Amino acid sequence: MAMTFSLSAWSADLPQIEKSGTLKVATEDDYAPFNFITNGKADGFNKDMLEELRKYAKFKVEQSILPWTGLLASVSTGQYDMALTGAVVTDERLNVFNYTPPLASAQHYYVKRAKDDSINSIADLSGKKVGLQAGSALLSRLPELKTMLEKSGGKLGPVVEYQSYPEAYADLANGRLDYVINVVISVNDLVKAKPKVFAKGQAVSGPGYIGWPIPKNSPELLAYMTDFINHLRQTGRLQELQKKWFGESYEDLPPVAITSAAQFHELAGQ
């Protein structure tokens with residue numbers, strides 16, 4: 001089922017944020033390596049990015065940690081000013097949000113059990129049960145995998161949605177799922193942590209991007225965050241954090257905010 005959002009007229013733009021002295025950001029806590037908890041404390045790429053933002057900003061940055069399934073809806077209705085999380089750019093989300101310049105690649109890959117010899121290619125995914133996070137952008141790009149499978153005479157199997165990726169991975173490990181789809185960064189992180197349990201498969205989508213969603217009616221906040229991210233890029237700090245958390249830096253990511261589906265398709269070569 002597609003996730004829909006409604007845009008509140010009360011979202012705060014930069015002048016209101018500066019006047020109040022507080023920027024309210026929403027993050028999640030169960031999506032490594034972007035956001036997760038270590039010994040009861042927030043950790044990950046966005047935790048480090050939040051620290052950099054607090055150094056850069058002249059106002060207070062107040063963080064609230066929410067479940068992913070309600071996070072973007074809470075931002076779209078004005079409860080928070082922006083989502084500081086690993087959100088994949090999609091056509092649907094661009095109806096309500098603009099995105100900061102991309103922070104990471106979001107090409108989708110499948111992951112399987114390490115000892116599952118029945119899956120060695122995309123064609124082998126035909127009819128098999130796949131798990132994804134509910135409300136995630138990966139659902140919207142499943143038609144790309146469906147097309148790949150149909151070209152080899154196969155078909156997309158049952159799709160199971162989960163509240164979080166750790167739940168999906170647990171079901172993959174115990175055999176309730178045949179494979180899980182996630183963005184390449186998270187797949188790499190999982191396989192690095194548990195190489196005897198999981199194995200990385202092939203790409204099941206074209207190129208994609210991850211950035212921070214900001215409501216459409218906050219253009220000045222978008223410009224501010226664009227300047228912030230490009231400041232980190234110019235100083236080399238962004239590349240340092242990408243290497244720390246993703247194992248590589250992304251020199252070819254566009255340095256511009258993404259504000260429309262047409263622009264997104266052009267940048268991603270779709």
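**Exercise 1. Annotated domains**

At which residues does UniProt place the feature "domain: Ionotropic glutamate receptor C-terminal"? Describe this span and the other annotated domain in the predicted model.

*Solution.* Step 1: the unreviewed UniProt entry places this feature at residues 22–248. Step 2: over residues 22–248, helix accounts for 36% of the chain and strand for 27%. The C-alpha atoms at the two ends of that span are 33 Å apart. Step 3: UniProt also places the feature "domain: Solute-binding protein family 3/N-terminal", again from an unreviewed entry, at residues 22–249. Step 4: for residues 22–249 the content is 36% helix and 27% strand, with end C-alpha atoms 31 Å apart.

**Exercise 2. The packing of helix α8**

Determine how helix α8 is oriented relative to α9 and to α2, and characterise the two contacts.

*Solution.* Step 1: helix α8 covers residues 219–235, and helix α9 covers residues 237–246. Their axes are 4 Å apart and form an angle of about 85°. Because angles of 65 to 115 degrees count as roughly perpendicular, α8 is roughly perpendicular to α9.

Step 2: on the α8 side, the contact involves I229, L232, R233 and T235, which meet R237, L238 and Q239 of α9. By class, the residues of this contact are three nonpolar, two polar and two charged.

Step 3: helix α2, residues 45–56, packs with α8 at an angle of about 110°, and the axes are 11 Å apart. The same range of 65 to 115 degrees applies, and α2 and α8 are therefore roughly perpendicular to each other.

Step 4: α2 contributes M49, E52, L53 and Y56, while α8 contributes Y224, M225, D227, F228, H231 and L232. The residues of the contact of α2 with α8 comprise seven nonpolar, one polar and two charged. L232 of α8 is listed in the contact with α9 and also in the contact with α2.

**Exercise 3. The environment of N98**

Is N98 buried or exposed, and which side chain makes a polar contact with its side chain?

*Solution.* Step 1: N98 belongs to strand β8, residues 97–99. Step 2: the relative accessibility of N98 is 7%. Since buried means under 20%, N98 counts as buried. Step 3: the side chains of N98 and K216 make a polar contact at 2.7 Å. Step 4: neighbours within four places in sequence set aside, N98 is in contact with W212, P213, I214, K216, L222, I258 and T259. K216 thus appears among the contacts of N98.

**Exercise 4. A residue of helix α6**

Which residues are in contact with A168, leaving aside its neighbours within four places in sequence, and how many residues separate A168 from L23 in sequence?

*Solution.* Step 1: A168 lies in helix α6, residues 165–173. Step 2: with a relative accessibility of 0%, A168 counts as buried. Step 3: beyond its sequence neighbours within four places, A168 is in contact with Y162, L177 and V180. Step 4: A168 and L23 are 145 residues apart in sequence, and their C-alpha atoms are 33 Å apart in space.

**Exercise 5. Backbone geometry in two loops**

Examine the peptide bond from A32 to P33 and the phi angle of N39.

*Solution.* Step 1: the bond from A32 to P33 is cis, with omega near 5°. P33 is placed in the loop between β2 (30–31) and β3 (35–38). Step 2: N39, a residue other than glycine, has a positive phi near 50°. Step 3: N39 is placed in the loop between β3 and β4 (41–43). With a relative accessible area of 79%, N39 is exposed.

Note on methods:
Residues are numbered from 1 along each chain as its sequence is written. This is a predicted model: local features need pLDDT of at least 70, side-chain atom pairs count only at pLDDT 80 or more; totals for chains, interfaces and linings use all residues. Side-chain values use heavy atoms; hydrogens and water are left out. Buried means under 20% relative accessible area, exposed over 50%, partly exposed in between (1.4 Å probe, protein chains only). A polar contact is a pair of N or O atoms within 3.5 Å; within protein, one must be able to donate a hydrogen and the other to accept it, and residues adjacent in sequence count only if both atoms are side-chain atoms. Contact means heavy atoms within 4.5 Å. Axes are lines fitted to C-alpha atoms, for helices over the stretch in contact, and angles run from 0 to 180 degrees between N-to-C directions. Angles under 35 degrees count as roughly parallel, over 145 as roughly antiparallel, 65 to 115 as roughly perpendicular and the rest as oblique. Ala, Val, Leu, Ile, Met, Phe, Trp, Tyr, Cys and Pro count as nonpolar, Asp, Glu, Lys and Arg as charged, and the others, Gly among them, as polar. UniProt positions are given in the numbering used here, feature names are shortened, and annotations may be inferred rather than shown by experiment.
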